[in-house]
Number of protein chains: 4
Amino acid sequence: MAITGAHVARAPRIRLGMVGGGRDAFIGAVHRIAARLDDQYELVAGCFSSSAEKSMASGADLGVDPRRTYASFAEMARAEARKKEGIEAVAIVTPNHMHAPVALEFLRRGIHVICDKPLTATLTEAKKLAKAAEASGVVFALTHNYTGYPMIRQAAEMVRNGELGEIRLVQVEYAQDWLAEPIEQSGQKQADWRTDPARTGAGGATGDIGTHAFNLANFVTGLTLESLAADLQSFVAGRRVDDNGHVMMRYTSGAKGMLWCSQVATGLENNLKLRVFGTKAGIEWSQEDPNYLWVGPLGAPRYRLTRGGAGSGAAAARVTRIPPGHPEGYLEGFANIYAEAARAILARRDGSPPDAAVTFPGLKEGLEGVAFVDACVRSSRKNGAWVTLNL
Amino acid sequence: MAITGAHVARAPRIRLGMVGGGRDAFIGAVHRIAARLDDQYELVAGCFSSSAEKSMASGADLGVDPRRTYASFAEMARAEARKKEGIEAVAIVTPNHMHAPVALEFLRRGIHVICDKPLTATLTEAKKLAKAAEASGVVFALTHNYTGYPMIRQAAEMVRNGELGEIRLVQVEYAQDWLAEPIEQSGQKQADWRTDPARTGAGGATGDIGTHAFNLANFVTGLTLESLAADLQSFVAGRRVDDNGHVMMRYTSGAKGMLWCSQVATGLENNLKLRVFGTKAGIEWSQEDPNYLWVGPLGAPRYRLTRGGAGSGAAAARVTRIPPGHPEGYLEGFANIYAEAARAILARRDGSPPDAAVTFPGLKEGLEGVAFVDACVRSSRKNGAWVTLNL
Amino acid sequence: MAITGAHVARAPRIRLGMVGGGRDAFIGAVHRIAARLDDQYELVAGCFSSSAEKSMASGADLGVDPRRTYASFAEMARAEARKKEGIEAVAIVTPNHMHAPVALEFLRRGIHVICDKPLTATLTEAKKLAKAAEASGVVFALTHNYTGYPMIRQAAEMVRNGELGEIRLVQVEYAQDWLAEPIEQSGQKQADWRTDPARTGAGGATGDIGTHAFNLANFVTGLTLESLAADLQSFVAGRRVDDNGHVMMRYTSGAKGMLWCSQVATGLENNLKLRVFGTKAGIEWSQEDPNYLWVGPLGAPRYRLTRGGAGSGAAAARVTRIPPGHPEGYLEGFANIYAEAARAILARRDGSPPDAAVTFPGLKEGLEGVAFVDACVRSSRKNGAWVTLNL
Amino acid sequence: MAITGAHVARAPRIRLGMVGGGRDAFIGAVHRIAARLDDQYELVAGCFSSSAEKSMASGADLGVDPRRTYASFAEMARAEARKKEGIEAVAIVTPNHMHAPVALEFLRRGIHVICDKPLTATLTEAKKLAKAAEASGVVFALTHNYTGYPMIRQAAEMVRNGELGEIRLVQVEYAQDWLAEPIEQSGQKQADWRTDPARTGAGGATGDIGTHAFNLANFVTGLTLESLAADLQSFVAGRRVDDNGHVMMRYTSGAKGMLWCSQVATGLENNLKLRVFGTKAGIEWSQEDPNYLWVGPLGAPRYRLTRGGAGSGAAAARVTRIPPGHPEGYLEGFANIYAEAARAILARRDGSPPDAAVTFPGLKEGLEGVAFVDACVRSSRKNGAWVTLNL
């Protein structure tokens, strides 16, 4: 029941900057939490919005020094590169069409890049960026976050170890329903840029989530795509990019596959699912139930590997923080108790009145718990007689 | 798709100390991650072990100033209370029998306490501590972490709103198998103190996990226990505390219940499950699948609420960070990409050779993804003809 | 993929009579289908109701010779016992209080008895009946039907083979919600007699479904109950028998258990679930998902046995008709096609007009299916070009 | 809790013949059980094998009059057509290539046909048969049995009622693993003819199970296929028909779909799954869990309809025999008790010694059950004191 990495001697935190991720943004906050979780990064600079005012306000919210909160990413790159203790890495969390220009500005100054996916909005700029990044020698991480799940690491390890035999089939799907109606026409910010070819690129659902599905299948199987045949649709009237895609795939090894991505699959929230079938066994993983990996060996009962449980190997352990049976929301649940307590503590600090909505267990619950144990022991000693809590 | 609290103007972080949680400990690291997740605490002091040497080493691992890393919790309480910028709150993550002595030392100095559960090892000291804490006026949070789950908040809200009608039945269970064999006899540290009545208290499974189950049922239902009848067992030869407990419960409202806690339930990892049945509807929640709450109304189809999804209310939203469909492990998966990138960045900083085990998506994957979208669009425009990736 | 028993040389069918099970009854029809499924019984006589008129009408519905449709079970027993080709066995599907009188009448004449559960309404008559039945030497089968499920046979076999080790814990529950409201007060026939102590016996939920749960646990574990402690409730105002029961159990072997039965568990339909935990492994079976048996060995991944699948043994195979992966509703689905076709055929026989609600696949669907295959093959031969169905 | 059709006045049973389905066959026995379940057919004639000897032996097993057990289906058709009480309907359960010749022989004599799927092995004979059958005016039923499931009827009804809105997407799959290895090369009878193009037709997996998937999607949606693009594979070396197929589909309405069929999907038993997404809601049904239909309305919680449960409508009720919560294996479990009792009764009839493997509950279990209820009531009246069973 070890917490990975929590007790190894720690180097000083990596100085991190961020481009994008201001007020109203979604993925920027996810990146910040991700950076904080293992205490290896410190957010010290940012250009959080193309609006100077919004960038400053967002920086203040986040506790970033106003002198290192910038109105332009180019200025930020220049200024930080000149500092002795300037940022070592930048997280890019802008819409897709801005990934390449921002990344180029930083990597040419030797600053490592952590960039949201997809890499760019067009293939031309992707190639240009890839070339420049390689030349620069910086670390370039693309947050195809699903490859970070322990049971996906486990799956990839099993494929590499030959536990599935030769891979024959890949079935991968990523289906949501949040674009089943034309919400981009009524100003929903996330929908707005994701359905605008100028900002998101030529692919809609294909680019936004199809790339995740494709990447995940590649990561686990290690296969190389040879060719594909695709049928893309825009079901919602007036939509300018695809909102559903059907793809048949042929891999160089002779394996075959199907990929389905959709943002109009009514009733599905975030259904990313991968199935891989080899000559010896098949596996199944679903993002909505990520702590499990199902394994179906030919001619033997189907079994379920759990993150960190029996049969789960080194690749999964490497990225596991908490014991099996505690699905990964455990940390968030725990953090909620800390967050609620923080609200109470800050109210005391300010002398403000308590907020009735703040909810966390305290002395009453603690006392009840100990009294419960005491009562159980007393009752059991009396052969199960009914006893009351001694409170 | 908002990230709770991430963009509200933030007060300076709460200065936090920790007692316990040194190298080899489990729950201390969980507390630290929980404190870090929303960036509202800063760990600035600690007494991480009763061994001075181990406390210093652990503090160094964690980046805590050696001058604020203490060999004794009493000394820590005195020293920090004297500082102008001393800790405002202390997290106590020691074995159960040390909760009371440590808490008393800090709270009498006006330092807020966040204490692991159960409150104490004995009822006598629980009562003493409760009285002292109330007198002191500090914030006292007990990490019954399961009350922090969004769908548990949702469940409690539904009970309060009368959506279940009058509560008739509570069925709650918390069953594990990690003590199915006498592992305390071969030195497993976690098992060692948890099966020692002097450190854990009179209840074994009852105290360690039965209290969680009891607390969870109380939290959701708001009921008050009137009496209980218990049958506790120690199935493993030589075990000094119960490793399984059966409890029948009667609540003051007339509701009835059963509670089962076990650490010898072979094949179960961490099976905490709550079911509550009222005159109008029943609900079910399982810790191993925490993003869902099942609702069974009398005479209508059973439905599934998801964290943040349609029908999920304000109480859950308050403690929700990420959108529906992204189970809470999403943040950990994301953080794993950041952690892997950090390893690469730190290797560059040190000039050390790359570690082959470090795995994160980068330019190759990014380029492939964009080429995939490009190919999908080209194929679809050619009526689904087979095309190759343009790499 | 064998169909058990379908091809073994068959003896002439067993001549079967029935007591109870007339129009409006539920379980009688289930018994008749069960008797017919393997074609080993022929229903040739009956006393289907205590009302002579209703008995005759029911017999006519069922195609039973009116001369062998009786108004009194005593008369039926006498008359059938005198016939050369009289019934060999009788199925008793009356309310509980009539089981003993009816059974005694037949078994004293050497007629085998298949009796619905529970055996009787009172312990006194149960003992009397058991003694008389043993003395008579007839076959006496009690339809605790859940012991007939293949995966329950599998579970029992595994316990006997020692695959679970020594049994420590039994957790069994049977919970429904159909009596959550006082429906017996508005004339619901099934609820009426089941909540009347004179007809159902002293136990309500305990007798109706608690006995199933208790029997199932005994069947699988082979354990003998030593003692129990029970807390029974009648939650619905005015109800004369228990509608919920909590029971703690101690077995002679030292194993312990809990049993919960309820007919007021809002939102649950027919939730019969058994879990057994031994020193080596735990198992879990749920009646609502009966084709699976979950096995959790200590220290190895949890796996799922399927009826007839890999790892499923001889005891299950003995009572299995169809291949793995075809859950047992397969036969009913198939039968529905036959039943729909029968309606069409009978309409032709009678010259009556076709019934628009009759629905079954026919030539159109058959032609489409073959055209579908033809199109798939043509498209694939053209490298996946789009083709139309050749209809 | 009614049993459909069990109590309606019944016409004399339909006289049924069978072609195919002798010893070693699989689907013939399924047809016979299906015909028997509702007691509307009587098997009175058959040509069970192309081997005269095997046909006779099989007929004897099944209790068919030897004078109506034939060595040739043509002879059977002639002879039965001449009889006054000849068969009214014939069930055809031969390999695919024999469907057309057999059906033609019977239907031209006015005998109704119930034929296993697919209709024929080639499109040419399918068209010929369809024309002849229509001309003859007989009832022709094709056992696409999956359309007989109650929740599939429910799904179709919901589509027709507009509850899904306009259908956009169909995702259907039927995947098994029983042909993952070249078992046809070692004489497995089922695999032998199913992989022989002369007997099975041009499609392998496509014809055997792809047609089921295609038919099911059509049945539920009512859509008409416009065109398809297919990529079929034969993964197993030496296999002469496809064992895996990927198909993209376009419907005339503008809806799109994907179909996957496979007999090499390692670890899957009989995974037939249909998902349909409309503008208002999506639905999901899985053959391995057939009593449930999942409904995901846009912007409302996902809910689960159960066969016969709340919200389940008339179309499902029409083909439902047993109450909600009793999955359809209930009847088979029940029948197993009857079958076991039959073995005991037949042993008595023959004077043969009891078979130790015969297992069914009897007096001991009945007595224990009543004693259990008695003990529960006594304990509860003594406030939950421990009591022993009074046996």
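How many bridges join strand 13 of chain B to strand 13 of chain D, and do they run parallel or antiparallel? I looked this up first and found 3 bridges between the two strands, each spanning residues 302–306, which run antiparallel; strands here are DSSP runs of E of at least two residues, numbered from the N terminus, and two strands pair if DSSP finds at least two bridges between them. Tyr303(B) stands opposite Tyr303(D) in that pairing.

I note that this is a predicted model, in which local features need pLDDT of at least 70 and side-chain atom pairs count only at pLDDT 80 or more, while totals for chains, interfaces and linings use all residues. Residues are numbered from 1 along each chain as its sequence is written, chains are lettered from A and ligands numbered from 1 in the order in which they are written, and side-chain values use heavy atoms, without hydrogens and water.

Next I took the interface of chains B and D, where 14 residues of chain B are in contact (heavy atoms within 4.5 Å) with 14 residues of chain D. The buried area, meaning the accessible area (1.4 Å probe) lost by both parts on being put together and summed over both, is about 1,100 Å², and carbon and sulfur atoms give 62% of that. On the chain B side, Pro301(B), Arg302(B) and Arg304(B) lose the most area to chain D, together 37% of what that side buries.

I then checked for salt bridges (a side-chain nitrogen of Lys or Arg within 4 Å of a carboxyl oxygen of Asp or Glu), and the count between chain B and chain D is 0. Strand 13 of chain B gives the largest share of the side that touches chain D, namely 4 residues.

Note on methods:
Buried area = accessible area lost by both parts, 1.4 Å probe.
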